[in-house]
Amino acid sequence: PEVETAAARTRATQALTDYAVGAILMPMKAFQEFSVELRYDIEALSEVFSTGINAVCHRLTALPRGGNVPRFGYFRANAAGTIIEMLGLPGLAIPRYAAACPLWVLYRAQQSPETVIRQRALFPSGARFVFVARARNTGPTGFGKPRHYVTDMLATSEADAQRTVYAAETNAPVEEVGPSCRLCPRRNCLHRVEDPLAA
């Protein structure tokens with residue numbers, strides 16, 4: 001009853017349908033076991049369950065809490081840079097009504113479609129996350145047809161990432177990022193397009 005408009009009902013129905021399909025294709029017990037065995041490798045899990053990367057990312061966010069299970073967030077962006085889906089993660093500041101930081105690998109991945117790219121991200125708060133992104137074509141293929149890419153990005157804390165295949169080496173670079181220009185205090189950022197809200 002809280003979903004009042006037809007558009008909201010359509011989106012809610014689609015979200016529930018997507019979850020149900022993921023639950024059928026990737027039963028939780030088997031998915032948990034393979035996730036641990038494959039160290040949460042999204043491409044390997046996609047192959048095991050014959051499903052898309054986006055479905056695997058969704059399923060990873062649904063893993064039961066507790067024990068040594070990493071906690072994941074998920075983002076999907078289109079070629080315009082709009083975040084069209086997000087399942088947040090505690091401690092990860094995300095913009096609700098504006099574009100995210102252009103330094104997120106979420107946007108860089110579209111320069112190398114079908115390739116998984118990892119990023120160690122350091123936020124102004126000191127919080128550290130590991131982002132894993134992969135761009136995929138969502139339109140028809142064939143000669144003369146334009147490619148339309150969306151990017152799926154999995155996010156986890158740097159501590160939780162140690163239990164995954166995406167654990168970063170100690171000498172891997174750490175990139176300074178922010179939530180969005182308006183929320184980021186890094187005034188010396190070369191990619192800033194708006195002044196921060198805080199003086």
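Guide: Let's open with Glu176, which is partly exposed at a relative accessible area of 49%.

Visitor: What does "partly exposed" mean here, and where do buried and exposed begin?

Guide: Buried is under 20% relative accessible area, exposed is over 50%, and partly exposed is whatever falls in between, using a 1.4 Å probe and the protein chains only. Before we go on: this is a predicted model, where local features need pLDDT of at least 70 and side-chain atom pairs count only at pLDDT 80 or more, while totals for chains, interfaces and linings use all residues. Numbering starts from 1 along each chain as its sequence is written, and side-chain values use heavy atoms, with hydrogens and water left out.

Visitor: What is a salt bridge, and how many salt bridges are there?

Guide: The rule asks for a side-chain nitrogen of Lys or Arg within 4 Å of a carboxyl oxygen of Asp or Glu. That gives a count of 11. Take Arg134 and Glu114, whose side chains meet at 3.0 Å, N to O. This pair ties together distant parts of the chain, 20 residues apart: Arg134 sits in strand S4 (residues 128-137), and Glu114 in the loop between helix H5 (105-108) and strand S3 (117-122). Those helix and strand labels are DSSP runs numbered from the N terminus, with helices being H or I of at least four residues and strands E of at least two.

Visitor: Buried or exposed: what does Arg134 count as?

Guide: Arg134 is buried, at 14% relative accessible area. Its partner Glu114 counts as partly exposed because its relative accessibility is 39%.

Visitor: Back to where we began: which residue forms a salt bridge with Glu176?

Guide: Arg186 does, with the closest N and O atoms 3.4 Å apart. Here too the pair links distant parts of the chain, 10 residues apart: Glu176 in strand S6 (174-176), and Arg186 in the segment after S6. Arg186 is buried, with a relative accessible area of 16%. Bridges can also share partners, and in that way Glu43, Glu114 and Arg134 are joined into one network.

Visitor: Now a helix. Why do residues three or four places apart point the same way?

Guide: An α-helix has 3.6 residues a turn, so those positions come round to face the same way. Lys29 and Glu33 fit the picture: both lie in helix H2, four residues apart, about one turn. Their side chains form a salt bridge at 2.8 Å, N to O. Lys29 is exposed, at 60% relative accessibility, and Glu33 is partly exposed, at 45%.

Visitor: Which residues of H2 are buried?

Guide: In H2 (residues 28-37), the buried ones are Met28, Phe31 and Ser35. They sit on the same side of H2 because they cover an arc of only 60° around the axis, the arc being taken from the directions from the helix axis to the C-beta atoms. Over on the other side, Lys29, Val36 and Glu37 are exposed. The cover for the buried residues includes helix H3 (42-49) and helix H4 (53-61), with contact meaning heavy atoms within 4.5 Å. Just after H2, look at Arg39, which takes a positive phi of about 55°.

Visitor: How do I read aromatic pairs, and what counts as stacked, edge-to-face or tilted?

Guide: Rings of Phe, Tyr and Trp (its six-membered ring) pair if their centres lie within 6.5 Å; planes under 30 degrees apart are stacked, over 60 edge-to-face, and the rest tilted. The whole structure holds eight aromatic pairs. One of them, Phe34 with Phe49, is edge-to-face, at 5.7 Å centre to centre and 85° between the planes. Phe34 is in H2 and Phe49 in H3, 15 residues apart. Phe34 is partly exposed at 30% relative accessibility, whereas Phe49 is buried at 12%.

Visitor: What is the geometry between Tyr40 and Phe72?

Guide: Tyr40 and Phe72 are tilted, with 5.7 Å centre to centre and 50° between the planes. Tyr40 is in the loop between H2 and H3, and Phe72 in the loop between H4 and strand S1 (73-78), 32 residues apart. Tyr40 is buried, at 5% relative accessible area, and Phe72 is buried too, at 4%. Elsewhere, ring pairs link Phe75, Trp104, Phe123, Phe129 and Phe131 into a cluster.
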